[in-house]
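The following exchange examines one structure through a series of questions. Each answer sets out its reasoning and closes on what was asked for.

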Amino acid sequence: MRIYHEVIVIGGGWSGVSAAIAAKKAGADTALCERTDMLLGAGLVGGIMRNNGRFSAAEECIAMGCGDLFELTDSIARHRNLDFPGHSHASLYDVHLAEPAVRALLLKHGIALYMEKRVTRARHREGKLIQVESEDGYVFHAEAFVDATGSSGPQGMCQRLGNGCAACIQRCPSFGPRVSIARLMGLPEYMTSRRQDIPGGAMSGSCKIYKETLSQSLREKLDAEGVVIIPVPQDMVNYSKLHSKVCQQYALREYAESLVLLDTGHAKLMTSYFPLEHLRQIPGLENARYADPLAGGKGNSMRLTATVPRDSTMLATGAQNLFVAGEKAGICVGHTEAIVTGALAGRNAALLARKKPLLVIPGTLATGDFIRFSAIDEAGNPAVPDGYGLSASHAFAGSVYFERMKGLGLYTTDQGLVRSRVREAGMEGAFCS
Amino acid sequence: MQPAKSLPCFDAGSEYCPCILAGLGKCISCSMLQGKDTCDCGWNGVCVLAEFVRTGKQARPGREQVTAQVTRLTPLARPQADYKAYLAEIAVPSKLARWCTLPGSFVLLRPEGTREAFNVPISVMETSQHSIKIAVECRGPKTTALEQALLKHRKVVVTGPFWSGLQGYTQLASLAHGNTLVIAKGMAQAAVPPIARYVRARGGNVKTLIGPGTLGVVFIDGILERLGAGFEHMPRTEDRNLGRISDEITTRSYDLLVSAGSKLQHQAILNLLDTISEGDNPVPRFVWVSHLTMVCAEGICGSCLLAGFRGCKARFDESFEVHLLH
Ligand SMILES: Cc1cc2nc3c(=O)[nH]c(=O)nc-3n(C[C@H](O)[C@H](O)[C@H](O)COP(=O)(O)OP(=O)(O)OC[C@H]3O[C@@H](n4cnc5c(N)ncnc54)[C@H](O)[C@@H]3O)c2cc1C
Ligand SMILES: Cc1cc2nc3c(=O)[nH]c(=O)nc-3n(C[C@H](O)[C@H](O)[C@H](O)COP(=O)(O)OP(=O)(O)OC[C@H]3O[C@@H](n4cnc5c(N)ncnc54)[C@H](O)[C@@H]3O)c2cc1C
Ligand code: FES
């Protein structure tokens, strides 16, 4: 079956969903192909929004006209304005409500959705992607494409770099592992090089427990307060797990010495994995059971294994019409980061399809600075001289990038100030038409 | 001990799996692909059969071969040796370099313009984003041809990455945060730096007793120092240093013992561990550098057969006795 749309987004995680909406808003006939039977990818189990610098980034997006997904997650937030170690004013969306809400939003925008379409082939010539094909024989043509296939797995990466498949939300055994479109085109692709002892990759930093398996008092406290912190008995503290985490913003001592539980609909436990026998020795968790990954006592998904060099328009280096977004587009972690990079990639795919000049978000905005700062060049080096490239995780929420944001004065929770900065940058409503 | 019928494979879960053996009904792990109707497989953490079905029952292509430039070549000074040995740095694509980081990684090297029969398995000592460092002793026809290539054109054909240069990987992964003792002799020193780096990165301690062996030189002390890994030189002794090694194991508590040396050394150390365990002393888990004769390293040629298994692919994690049947 042959299908044509002006823009085709491959991968339906937060970045792909954001790209599809932005492309559609820019006027292009847009479709999205997703490997599994649900949208949102890693976003199906995340939940944390608006913590630290993510607040400013979300507000910039709203002012620029690409804030639809932030308004959606705000509307299904279980808790707002929450503080926990190293993080302020977070909000937690309900991970059980997000996917159907996002799907409805895409359909409302008139975006064509192709579910259970795992793209495994690409036809390209001289950097121009002509068509992609799904495993079951659908052929998708477009003027421009967005690779939003994420960086989790494939399963073999979890095997070789982590503790094996722990049955996470990506569900590779059922739907087949992630496939990178850039890779199918023969473009260079890199893994995070934060650790020198393994070839690359980092382990997802949180696992989720069924709330109904917590003791009644713990559950009630979590429902009421959104966050519960329980000290870990000294003999169970494992600092070495911290250095393997994807999210450096949660690689703080507090997260090894305590169990930090957040209420995202599940009880989100801010550690990569925690042996079940040990977990059950902690008061309130005697009957705990993991919801994601199902084997959260053993390991978690490996990520940051597939980063593609690109420029500040999100165009993949060496490609004429392939844009990249989300974890594909840098050592970028987070929903907010995926939504921001996705919006720009989607809009520029639509502009390219219509032969219009591409958009760059100015560096006077946190979103623009982040996009420029988190890129790598063709050789895998930081694209900017003072950048961290493959050697650090980039997120508005912590670690090196939040520090930079504060240093540049780009972090603020003053919504009026964000709006006036966006206006001064000439970006007000820039994503609206 | 009878080995299991199927063993875990070093390549399972990599982009090289399923390999040509799957299509031929000779996968070393998957009992289904071997023609049985039960899953008594050497579980790899990934299902080889599922991958094979998914790829349309096609084997994935094998390792790429790249022609690479030798960017640095240093002869190892060895006063009494008949043969030459070298340290070399080779510029390779960054993907290959990164996948050579794991302990036990090696590549096949041969001079540009020669047939695959000239391939020599060589351990990767260190990697950077775009290069690998190796050490090679030039004795027989293959390594002599390689020496000429290194000296003249400075161009070699590199095939890789391969990972089966170390056996006992599961023990290493689970105990690396503890105390590790490495016994390294001769050329097998080349396999030690990635092991030391791996242990140090997991917060473990590692001490290496290094003997020059027949090679006659110690060349990894600088790297170990940089890694904050302790080491001690072992002069050549009548008892092949077994007294010294025994003292070390019994006076300190080690979780892991890595033997980087000849098969004779592996056997001698295993005998020693047996003696120690008879006295009810705790013994470290045994991990060893593989000394099989490998040629294709992809499970085809059969040079590495060991108790019926292809030693270039199979992981003999717990059953090191099997390794010594030959
Ligand atoms: C356990 C966990 C908890 C997290 N918690 C948070 C949090 O609380 N807050 C936060 O901000 N961030 C969190 N993150 C990080 C955040 O979820 C990710 O960085 C972000 O969602 C990545 O989005 P993405 O769109 O780039 O990739 P993904 O979400 O991985 O999406 C990629 C999508 O592409 C699809 N796909 C892949 N290959 C193909 C193909 N060939 N054809 C078709 N489809 C394909 C996949 O099925 C998937 O749906 C968490 C991540 C994990 C794993
Ligand atoms: C995983 C692995 C890693 C190795 N790493 C290094 C290294 O870092 N540096 C280094 O100098 N050598 C290393 N070797 C050994 C090296 O590959 C052989 O010494 C070389 O292939 C011998 O070739 P030749 O023609 O020079 O000698 P030959 O005349 O063929 O033989 C000399 C000796 O080497 C053995 N040998 C021959 N061919 C092989 C072979 N293909 N594999 C293993 N042993 C063989 C013979 O049994 C003999 O003892 C490694 C071998 C393996 C299996
Ligand atoms: S080396 Fe050829 S089969 Fe193992």
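Q: How many salt bridges are counted between chain A and chain B?
A: The model is a predicted one. A salt bridge requires a side-chain nitrogen of Lys or Arg within 4 Å of a carboxyl oxygen of Asp or Glu. One pair that meets this rule is Glu135(A) with Arg54(B), whose side chains stand 3.3 Å apart, N to O. Between chain A and chain B, the count is three salt bridges.

Q: How many residue pairs are in polar contact between chain A and chain B?
A: A polar contact is a pair of N or O atoms within 3.5 Å. With both residues at pLDDT 80 or more, the count between chain A and chain B is 10 residue pairs.

Q: Which element gives the most residues to the side of chain A that touches chain B?
A: Contact joins 32 residues of chain A with 25 residues of chain B. On the side of chain A that touches chain B, the elements giving two or more residues are α5 (155-161) and α6 (172-175) of chain A. The one that gives the most, with six residues, is α5(A).

Q: Which residues of chain A lose the most area to chain B?
A: The two chains bury about 2000 Å² between them, and 47% of it is on carbon and sulfur atoms. Three residues together account for 35% of what the side of chain A buries. They are Arg160(A), Asp197(A) and Pro199(A).

Q: How much of the accessible area of ligand 1 does the protein cover?
A: Oxygen atoms of ligand 1 lie 2.7 Å from a polar side-chain atom of Ser15(A) and 2.9 Å from an N or O atom in the side chain of Arg35(A). A backbone N or O atom of Gly47(A) also lies 3.3 Å from an oxygen atom of this ligand. On its own, ligand 1 has 1000 Å² of accessible area, and the share covered by the protein is 97%.

Q: Which elements give two or more residues to the shell around ligand 1?
A: The shell has 39 residues, of which Ser15(A), Glu34(A), Lys268(A), Glu327(A) and His335(A) come nearest. By class, 12 are nonpolar, 17 polar and 10 charged. An oxygen atom of the ligand is 2.9 Å from a side-chain N or O atom of Arg35(A). The elements that give two or more residues to this shell are α1 (14-25) and α11 (335-353) of chain A.

Q: How much of the accessible area of ligand 2 does the protein cover?
A: Two oxygen contacts involve the backbone: a backbone N or O atom of Glu137(B) at 2.9 Å, and a polar backbone atom of Lys142(B) at 2.7 Å. A nitrogen atom of ligand 2 is 2.5 Å from a polar backbone atom of Met294(B). Of the 840 Å² of accessible area that ligand 2 has on its own, the protein covers 71%.

Q: Which element gives the most to the shell around ligand 2?
A: The residues around ligand 2 number 18, and Pro121(B), Ala135(B), Lys142(B), Thr143(B) and Met294(B) come nearest. This shell has 11 nonpolar, five polar and two charged residues. With four residues, the element that gives the most is β4(B).

Q: In which strand does the proline joined to Gly160(B) by a cis peptide bond lie?
A: Most peptide bonds are trans. A cis bond joins Cys17(B) and Pro18(B), with omega about 0°, and Pro18(B) is found in the segment before α1 (20-23) of chain B. Another cis bond, also with omega about 0°, joins Gly160(B) and Pro161(B). Pro161(B) lies in residues 155-162 of chain B, which form strand β7.

Q: Where in chain A does Arg50(A), with its positive phi, lie?
A: Most residues other than glycine have a negative phi. Arg50(A) has a positive phi, near 60°. Its place is the loop between β4 (48-49) and α2 (54-64) of chain A.

Q: How many residues apart are Arg354(A) and Glu6(A)?
A: Over all chains, the count comes to 44 salt bridges. One of these joins the side chains of Arg354(A) and Glu6(A), at 2.9 Å, N to O. The pair links distant parts of the chain: Arg354(A) is in the loop between α11 and α12 (366-373), while Glu6(A) is in the loop between β1 (2-4) and β2 (7-10), both of chain A. Their separation is 348 residues.

Methods
Residues are numbered from 1 along each chain as its sequence is written. Chains are lettered from A and ligands numbered from 1 in the order in which they are written. This is a predicted model: local features need pLDDT of at least 70, side-chain atom pairs count only at pLDDT 80 or more; totals for chains, interfaces and linings use all residues. Side-chain values use heavy atoms; hydrogens and water are left out. A residue is near a molecule or strand if one of its heavy atoms lies within 4 Å of it. A polar contact is a pair of N or O atoms within 3.5 Å; within protein, one must be able to donate a hydrogen and the other to accept it, and residues adjacent in sequence count only if both atoms are side-chain atoms. Accessible areas come from the Shrake-Rupley method with a 1.4 Å probe; for residues, only the protein chains shown count as cover. Ala, Val, Leu, Ile, Met, Phe, Trp, Tyr, Cys and Pro count as nonpolar, Asp, Glu, Lys and Arg as charged, and the others, Gly among them, as polar. Contact means heavy atoms within 4.5 Å. Buried area is the accessible area (1.4 Å probe) that two parts lose on being put together, summed over both.
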